[in-house]
Amino acid sequence: MEVLIAKDYNTLSKQAAMIIAGQVISQPSSVLGLATGSSPVETYKNLAAFYREGIVGFQQVTAFNLDEYYGVAPDNPCSYRWFMEENLFKHINILPENTHIPNGLAKDVANECLEYEEKIHRAGGIDLQLLGIGGNGHIGFNEPGAHFESLTHLVDLDQETIDANARFFDSPDQVPRQALSMGIKSIMAARKIILLASGKAKAKAVYEMVQGPISPEHPASVLQLHPQVVVIVDKEAASLLG
C-alpha cells in the first residue's frame, strides 16, 4: 500500500485525476470502477478538464459504479446515477451504454446483483477502482462486519452512514436505509485501486485502514492485502499516521 500525503483536497484530487487519466491514455479501453460522495467530486472536475483540453478521451472506456441507493430512481437528484451524470459523464465523451450503475429499483435484487457481477466479468474485470472511505471505515457501502468474500449485494446501511449522507437530502428521514453495493471481493478483484480521503473526520478511518489490524470491523483494512493500492490523503486525513 502506497500512501501519498497531499497538502489539501484540491491537490489530492489533481493527483488522483492524473493517475486515472494516465491509465486511460495507456489503455484506452480501460474498465474503471467509480465512486460517489464528496471525495471524488474534484477528481471528476479535473478529468472533465483534461478531456476538454484534449489530454484524454473516454470513448472506449467502460465504467462500473460501486453502488446505488435501493428504492431510488435513476432520475432522482439524490441517486448515484444522477450524481455521475452531473459530475462526470455529461462532461466527457464516455458512451452512455458503457456506464453501469446498479439498478436501485430492481424487483429481483438477487438477480440484479448477479447480473452486475456478470457484466463486470464480461467487460474483462476492473482495471482501476476509485474509492472513498466512510468515517466508520466502509468502502463502497460495505459496513463494519462485512464479509470479505462478499460480491455485489443488498446492504443495510449503518446509522453512522445514514447520518453522514443526510447532508445530501432535504431531511434525515429521506435517506435510504439500504443500498446495492459491490462487495469486498468485487473491489479486491480490481487490478489497481486508488482511495481518496480528506479532512480530520476521516483521520481515524485512514489510520485503521493503513496501520490497524485487518478486520471485517474495519472493512477498508482489507486493502492492506491488495498488491496495488494507492491511498491519497490530505494532511488532516493523515494526521494520525505514524
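Leaving aside its neighbours within four places in sequence, which residues is S186 in contact with? In this predicted model, the residues are E117, S150, L151 and T152. S186 itself belongs to helix 6, which spans residues 184–188. Its relative accessibility is 9%, and because buried means under 20%, S186 counts as buried. With E117 there is also a polar contact, in which the two side chains are joined at 2.5 Å.

From this one residue we can turn to the sheet. Strands of a sheet pair through backbone hydrogen bonds, and the pairing may be parallel or antiparallel. Here seven strands make up an open sheet with parallel pairing, and their order is 1-10-9-6-2-3-5. Strand 1 (2–6) and strand 5 (99–100) are at the edges; each has a single partner strand, so one side of each has no neighbour in the sheet. Further along that order are strand 10 and strand 9. Strand 9 covers residues 192–197 and strand 10 covers residues 229–234; the two run parallel and are joined by five bridges. In one of the pairings, A197 has V233 in strand 10 as its bridge partner.

Strands 9 and 10 also take part in packing with a helix. The buried residues of helix 7 pack against strand 9 and strand 10. Helix 7 consists of residues 203–211, and its buried residues are A203, A205, V206 and M209. They cover an arc of only 160 degrees around the axis, so they lie on the same side of helix 7. There is a general reason to look for such patterns: an α-helix has 3.6 residues a turn, so residues three or four places apart point the same way.

Helix 3 (residues 80–87) can be read in the same manner. Its buried residues include Y80, R81, F83 and M84. These cover an arc of only 160 degrees around the axis, which means that they are on the same side of helix 3. Among the elements that cover the buried residues of helix 3 are strand 2 (31–34), helix 2 (41–52), strand 3 (62–65) and helix 5 (159–165). At the start of helix 3, a side-chain oxygen of S79 comes to within 3.0 Å of the backbone nitrogen of W82.

One residue of helix 3, Y80, also has a ring partner. Four aromatic pairs are found in a search of the whole structure. One pair is formed by Y80 and F141, which are stacked, with 6.2 Å from centre to centre and 20 degrees between the planes. This pair links distant parts of the chain, since F141 is in the loop between strand 6 and strand 7 (153–156), 61 residues apart from Y80 in helix 3. Both Y80 and F141 are buried. Ring pairs bring in Y69 as well, so that Y69, Y80 and F141 form a cluster.

What remains is the nonpolar interior. The largest nonpolar core has 41 residues, of which L34, Y44, L47, F58, M84, L88 and F89 touch the most other members. Elements that give two or more residues to this core include helix 1 (9–26), strand 2, helix 2 and helix 3. Helix 1 provides the largest share, six residues. L88 shows some of the contacts involved: leaving aside its neighbours within four places in sequence, L88 is in contact with L34, Y44 and L47. A second, separate core has 29 residues, including I139, I193, V229 and V233. V233 was met earlier, as the bridge partner of A197.

Key. Residues numbered from 1 in each chain as written. Predicted model: local features only at pLDDT ≥ 70, side-chain atom pairs only at ≥ 80, totals over all residues. Heavy atoms only, no water. Pairing = 2+ DSSP bridges. Helix = DSSP H or I, 4+ residues; strand = E, 2+ residues; numbered from the N terminus. Buried < 20%, exposed > 50% of the residue type's maximum accessible area, 1.4 Å probe, protein only. Polar contact = N/O pair within 3.5 Å; in protein donor to acceptor, adjacent residues only side chain to side chain. Contact = heavy atoms within 4.5 Å. Arc of directions from axis to C-beta. Core = buried A, V, L, I, M, F, W, Y, C linked by side-chain atoms within 4.5 Å. Phe/Tyr/Trp six-rings, centres within 6.5 Å; stacked < 30°, edge-to-face > 60°.
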